[in-house]
Amino acid sequence: MLSYFNSWVGSLWDVSRFKAHVTTGDRLYAGTDSTVYLQLVDKTGAQSEASCLDKIFVNDHERGETHSYGINAKGLQTPNELDHIIVWRHSSITGDDRWFLDRIEIEDRTQKHRYIFPVQRWIEVERRYYLYEFDAFLPQDDRQPDNRRLELDRKRELYKYKETIERGPRQIQELPDDEKFSERYMLDFLKLKGKLIARQYHLKFTTEEWASLDDVKNIYHPDSTLHRPECTEYWTEDWWFGLQRVQGVNSVLISLCNEIPAKLALEVDKVEPFLEGYTLNDALQNKKLFIVDLVLLNRAPCRGEMPVMIAPIGLFYLNKKDELMPIAIQLFQEPSPTNPVYYPSDSRLTWIMAKMFFNMGDAQQHQSCTHLGLTHLLMETMCVAAHRHLSPSHPIFRLLAPHYLYLLAINSRGLEKLISPGGWVDSGMIVGRAGMFKLISRGFRRWRLDVHGDVEKELESRGVLDPKVLPYYPYRDDAVPLFKIIKNYVRKVVMHYYNTPEKLEEDYEVQGWVKEMATSQMEGGLGIGGIPEKLENIDQLVQICTAVVAACSMGHAGANFQQYDAYGFVPNYPGILMKLPPQEKREMTEKDLLEFLPNKSTTLDIMVITKLLSMKGTKSLGDFEVQYIYDPSVVHIAEEFRLELKKLSHEIKLRNKTRKFKYEWFDPDIVPNSISI
């Protein structure tokens with residue numbers, strides 16, 4: 001007690017030069033009542049006396065709060081610069097053993113300088129922490145290597161994998177407290193959910209069962225909770241069906257058609273009337289034909305109401321107005337007399353039925369792969385690997401951390417609430433939980449980071465990177481410049497820390513991270529395609545980090561935030577239809593179409609869930625919720641990043657003024673930092 005009093009008195013009187021500003025993190029149970037001490041160490045190695053960071057009659061070190069303290073500088077070689085600080089704490093009389101320290105800033109009022117020591121760790125009792133300015137070091141440069149290795153060993157115990165999906169991306173075994181939602185975030189989420197459910201019950205008891213397609217349109221309420229999507233006016237039009245391929249919720253499938261696949265039983269005389277004077281061969285030669293082949297769905301499990309999963313093929317023609325127009329739809333992969341090809345010349349409602357079933361298939365691939373599997377779950381795998389191999393002090397961890405915010409929390413909640421047996425996927429998607437997991441596994445095994453993780457290479461692989469080939473493609477036109485900005489930002493940060501090839505070679509943490517991701521699952525790794533087992537050059541690291549930042553921000557934004565616009569009117573983009581299409585082509589009636597649609601209860605569930613999922617969670621890209629980067633050079637790089645994003649946002653807003661329908665999902669003002677919904 002006497003030493004505590006002397007330390008406190010010393011701090012009280014010797015405050016002429018240094019002042020410590022101590023910030024406790026904004027996390028559950030982050031605060032502490034224990035006694036905290038701080039020492040300063042200068043460039044000569046001289047240490048100050050220990051200062052007690054406590055104020056009498058003040059409940060300091062509480063969650064999210066910053067408190068300031070005069071520091072006893074006795075023992076330092078004035079006016080030498082600080083080299084590092086040492087922090088530790090004793091156990092408190094209340095017995096609490098947790099304190100999440102966000103950062104300590106040491107203000108040198110003599111030298112007019114402020115040293116920033118990011119911590120962003122739980123501070124254990126009776127352990128001394130040696131903290132260095134900006135706390136961003138490659139492992140070979142860390143002066144406390146043993147502490148760093150010990151910390152990573154403990155994180156590997158906390159961040160363990162489990163296999164939810166056979167041969168698919170791995171998940172976190174148990175959600176750590178650090179990864180849970182903040183109270184404010186959960187409150188906002190639950191308030192919206194409550195409003196939507198209340199509106200759902202109101203609509204359920206104030207509307208009739210479907211008697212016509214107009215009844216389906218009349219289920220909406222004029223307020224903003226469950227409004228009528230714009231697609232209700234256009235969903236039967238062929239130009240709208242084509243538009244969904246280039247600026248819809250799943251705009252990553254349309255490919256240039258260089259030859260008609262043998263499995264598509266096309267009748268030439270049925271399509272040539274829609275080719276504006278071209279023969280079929282001429283249309284192919286002039287790059288006028290495009291295709292979406294949903295082969296991934298072939299023979300996938302599905303719900304009992306539909307014993308066989310459809311796996312459609314759609315052929316599209318680029319007309320003189322640069323519109324993609326559907327000219328043929330086959331609903332299953334194998335040609336047969338019971339698998340007719342549908343054409344625009346078929347009766348109107350029969351053709352509409354074929355488009356409904358095509359979009360139902362597209363919806364299964366969208367939700368299973370484009371959305372859940374290849375953003376949420378794939379990024380979870382890479383996030384857990386980063387925690388297991390990269391110290392919180394690692395510059396690459398600090399680069400990626402803002403884009404992992406709430407990712408593990410939303411995935412844990414989604415798997416528990418939406419994808420559990422009997423959950424929303426089992427009721428609102430024809431593929432069901434088992435089929436979704438199968439599709440995720442298939443999609444994961446064919447995904448390659450060096451192709452699908454790079455927007456330009458992925459577009460090139462489908463033959464649609466060149467605007468001369470496909471002039472109107474808002475997904476591409478907005479995604480490519482945004483991806484380039486992200487890649488430029490990542491490259492600058494990476495080059496700042498790896499200014500020689502040897503630094504990458506010697507970085508055993510980042511090499512271990514990459515090796516675990518690249519190693520096959522059979523050999524105990526994660527089996528992510530397109531990642532080298534050893535990084536040979538900086539470009540490879542830039543490629544991996546860019547793919548992560550892009551997937552967590554723009555990739556998820558493009559797949560997620562217009563879900564209600566697409567799914568909110570079920571006939572437009574059905575997650576589920578209730579029976580198989582007929583095995584022979586026949587003229588459909590409106591009654592036939594209504595029999596395919598899910599009942600009102602399922603329709604309302606789909607509306608509520610997709611509206612909830614369309615909610616934006618975190619702040620806009622570049623406006624980071626938590627600051628991980630403090631090195632002034634890298635802070636400047638981040639500021640340049642934000643300026644480039646602001647410029648692109650302005651350009652996209654101008655483009656949207658001339659588009660018939662806005663495409664806002666890659667506007668940096670709309671794109672969030674992370675996958676948090």
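Helices (H or I, at least four residues) and strands (E, at least two) are DSSP runs, numbered from the N terminus. The model is predicted, so local features need pLDDT of at least 70 and side-chain atom pairs count only at pLDDT 80 or more, while totals for chains, interfaces and linings use all residues. Residues are numbered from 1 along each chain as its sequence is written, and side-chain values use heavy atoms, with hydrogens and water left out.

**Exercise 1. Place G361 and work out its surroundings.**

Step 1: find the element. G361 sits in helix 8, which covers residues 348–389.

Step 2: check the accessibility. Buried means under 20% relative accessible area, exposed over 50%, and partly exposed in between (1.4 Å probe, protein chains only). G361 has a relative accessible area of 0%, so it is buried.

Step 3: list the partners. Contact means heavy atoms within 4.5 Å. Skip the neighbours within four places in sequence, and G361 is in contact with L294, L297, I310 and P312.

Step 4: look further along the chain. I576 is 215 residues away from G361 in sequence, and their C-alpha atoms are separated by 9.0 Å.

**Exercise 2. Describe how helix 5 packs on helix 8.**

Step 1: pick the descriptors. Two packed helices are described by the angle between their axes and the distance between the axes. Axes are lines fitted to C-alpha atoms, for helices over the stretch in contact, and angles run from 0 to 180 degrees between N-to-C directions.

Step 2: read off the geometry. For helix 5 (residues 238–247) and helix 8, the angle is about 15 degrees and the axes are 12 Å apart.

Step 3: classify the angle. Under 35 degrees counts as roughly parallel, over 145 as roughly antiparallel, 65 to 115 as roughly perpendicular and the rest as oblique. Helix 5 and helix 8 are therefore roughly parallel to each other.

Step 4: name the residues. Helix 5 brings D238, F241, Q244 and R245 to the contact, and helix 8 brings W351, K355, F358, N359 and D362.

Step 5: sort them. Ala, Val, Leu, Ile, Met, Phe, Trp, Tyr, Cys and Pro count as nonpolar, Asp, Glu, Lys and Arg as charged, and the others, Gly among them, as polar. The contact of helix 5 with helix 8 then splits into three nonpolar, two polar and four charged.

**Exercise 3. Now do helix 8 with helix 18.**

Step 1: geometry again. Helix 18 (residues 538–560) packs on helix 8 at an angle of about 145 degrees, with the axes 10 Å apart.

Step 2: residues. Helix 8 uses H366, T370, H371, T375, H376, M379 and M382, and helix 18 uses I544, V548, A551, C552, G555, H556, A559 and N560.

Step 3: character. The tally for helix 8 with helix 18 is seven nonpolar, eight polar and no charged.

**Exercise 4. Find the centre of the nonpolar network.**

Step 1: define it. A nonpolar core is a set of buried Ala, Val, Leu, Ile, Met, Phe, Trp, Tyr and Cys residues joined through side-chain atoms within 4.5 Å.

Step 2: pick out the hubs. The largest nonpolar core has 169 residues, and I396 and W513 touch the most other members. Helix 8 gives the most to this core, with 21 residues.

Step 3: follow W513. Among its contacts beyond four places in sequence are M382, A385, I396, L541 and I544.

**Exercise 5. Is D102 buried or exposed, and what does it touch?**

Step 1: D102 belongs to strand 6, residues 100–108.

Step 2: its relative accessibility is 12%, so D102 counts as buried.

Step 3: outside its sequence neighbours within four places, D102 is in contact with T23, T24, G25, P118, V119, Q120 and Y630.
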